[in-house]
Amino acid sequence: MWEFSVGLYMVSVWPDSLLLAAIYGAVESASTALFGPIIGGWVDRLTYVKVLQLWLVTQNLSFIIAGGAVIALLVFSSLKFTNLVAFIALVILTNISGAVGVLSTLAGTILIEREWLVVISTGHPPGLLTDMNSVIRRIDLTCKLVAPVITGFIISFLSLKASAMALALWTSISVWVEYWLFMSVYKGIPALGESSLRRISKVSSSNVEESISASQERNSSIANDGENSAATGKSSVSTVIEWISKVPYIDAWRVYLQQDVVLPGVALALLYFTVLSFGTLMTAVLEWEGIPAFIIGIARGISASIGIAATVVYPMLQSRILTLRTGLWSVWSQWICLLLCVASIWVKNSHLSAYMLMGGVAISRLGLWMFDLSVIQQMQDLVPESDRCIVGGVQNSLQSILDLMAYVMGILISNPQDFWKLNLMSFGAVTLAAFLYTCYLYRIRKHLFHFDKLIPLVQWL
């Protein structure tokens with residue numbers, strides 16, 4: 001609900017400009033880019049129950065505060081003229097609260113998608129993990145389908161203020177249901193409790209080893225105190241390098257870059273350097289074009305429906321052509337669908353252009369979510385258990401860095417009339433992602449197509 005509504009709120013607070021919407025998106029993405037790797041390490045060190053509690057309380061409280069700040073901005077719409085300091089303070093509060101909410105959501109995503117699913121599927125046939133990934137994505141996309149439609153109708157037939165109030169109220173109620181549902185899963189599957197205990201014991205033993213190592217280093221330093229200054233200088237340099245390598249953020253990136261799935265991860269992240277989604281910027285542009293909020297909500301719902309179809313198609317396709325080639329087909333099918341968005345640039349009728357844009361984005365979701373599922377499964381299969389949460393955090397951080405770049409471009413190109421430039425940049429990023437993944441697949445398989453199987457088909461035709 002918040003993801004869909006925030007762009008409409010911002011363009012209403014500051015009409016005829018994408019500036020506030022772009023700034024919000026930039027703050028949100030920057031926070032994930034900066035703190036994503038740290039969040040992954042944090043999830044790796046706490047018990048499952050503690051992560052659940054901190055995640056749900058922080059997430060829901062943040063969105064309640066953000067909703068309250070938006071209500072104040074909408075009710076006192078003249079603040080930017082009468083009390084600029086109060087106006088800026090409310091905008092900052094909205095941005096910070098939204099960013100904290102998204103960060104806490106990231107912790108939950110890493111816990112459930114990168115950890116719980118793998119633990120639950122351990123000891124079962126490989127197809128179970130594929131099916132569970134698809135079901136989890138289907139739940140997510142169903143929410144993306146229902147929430148915008150409901151919110152769009154509230155905005156169109158009541159008001160923006162009513163939608164912000166509904167968001168704050170819903171968030172206050174749903175936190176209790178969320179916690180009960182997750183705890184039911186945790187208590188109902190013993191493997192999760194056992195995995196949580198293993199993680200904590202691993203962290204405890206690691207802390208003990210670090211303490212012993214630090215003590216030995218101090219003793220060694222005292223024993224060698226009388227050595228020459230050159231040796232001391234070298235020791236200091238190596239100590240600084242070692243200290244930097246142990247900084248959580250840098251260490252997390254080091255772990256990520258050592259994985260075999262770096263290239264697919266980068267390709268997936270490139271798809272986030274886009275305004276061709278029903279995100280803050282595109283929603284704001286459609287609103288500026290005069291498209292009613294409930295129409296935007298319905299279009300976003302159709303997009304989510306197509307995404308849900310992807311979660312049904314993916315397991316069937318993956319079982320026939322395997323995970324790697326499913327990713328190849330998916331990313332290039334998305335590229336083909338987005339050609340409709342590029343074609344919309346040259347359409348003179350603004351409403352027709354907007355509908356072509358929405359149509360191209362909606363149908364491209366089939367390829368996007370199948371590619372997303374393919375890359376996630378490759379990471380689940382190939383990343384060691386000890387690195388899973390950290391790699392998940394860095395992957396989300398990398399995606400947010402590219403997302404941030406898209407919002408920065410939105411700040412630099414804030415005139416809605418110039419949206420076509422952002423459209424072309426987004427299409428270029430998808431093209432690069434498709435080529436990167438193609439190169440990765442060729443490096444692994446040494447071929448892209450089975451031409452020997454195509455020849456009989458061509459002869460038959």
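Is Phe63 buried or exposed, going by its relative accessibility? Phe63 counts as buried, at 12% relative accessibility (buried is under 20% relative accessible area, exposed over 50%, partly exposed in between, with a 1.4 Å probe and protein chains only). Before the close-ups, a word on the numbers: this is a predicted model, where local features need pLDDT of at least 70 and side-chain atom pairs count only at pLDDT 80 or more, while totals for chains, interfaces and linings use all residues. Residues are numbered from 1 along each chain as its sequence is written, and side-chain values use heavy atoms, with hydrogens and water left out.

**View 1. The whole fold, with 18 helices and 0 strands.** Helices (H or I, at least four residues) and strands (E, at least two) are DSSP runs, numbered from the N terminus. Of the 461 residues, 48% count as buried. Take contacts (heavy atoms within 4.5 Å) between residues at least 6 apart in sequence: 85% of them join residues at least 24 apart. The protein exposes about 21800 Å², with 70% of that supplied by carbon and sulfur atoms; the areas come from the Shrake-Rupley method with a 1.4 Å probe, and for residues only the protein chains shown count as cover.

**View 2. Trp2 meets Phe63 in a tilted pair.** Rings of Phe, Tyr and Trp (its six-membered ring) pair if their centres lie within 6.5 Å; planes under 30 degrees apart are stacked, over 60 edge-to-face, and the rest tilted. There are 17 aromatic pairs in the structure. For Trp2 and Phe63, it's 6.1 Å centre to centre and 45° between the planes. The two sit 61 residues apart, Trp2 in helix H1 (residues 2–13) and Phe63 in helix H3 (residues 48–75). Trp2 is buried too, with a relative accessible area of 5%.

**View 3. Trp116 and Phe182 go edge-to-face.** Their ring centres are 6.3 Å apart and the planes sit at 80°, so the pair gets that label. This one links helix H5 (residues 84–121), home of Trp116, to Phe182 in helix H7, 66 residues apart. Trp116 is buried at 2% relative accessibility. Both rings belong to one aromatic cluster with Tyr48, Trp55 and Tyr186.

**View 4. Thr171 in helix H7 (residues 160–188).** Thr171 is buried, its relative accessible area being 6%. Leaving out residues up to four places away in sequence, Thr171 touches Asn60, Phe63 and Ile64.

**View 5. Cysteines, with 0 disulfides.** A disulfide here is a pair of cysteine sulfur atoms within 2.5 Å. The sulfur of Cys341 has its closest cysteine sulfur in Cys337, 9.0 Å away, which is too far for a bond. Cys341 is buried at 0% relative accessibility, whereas Cys439 is exposed at 51%.
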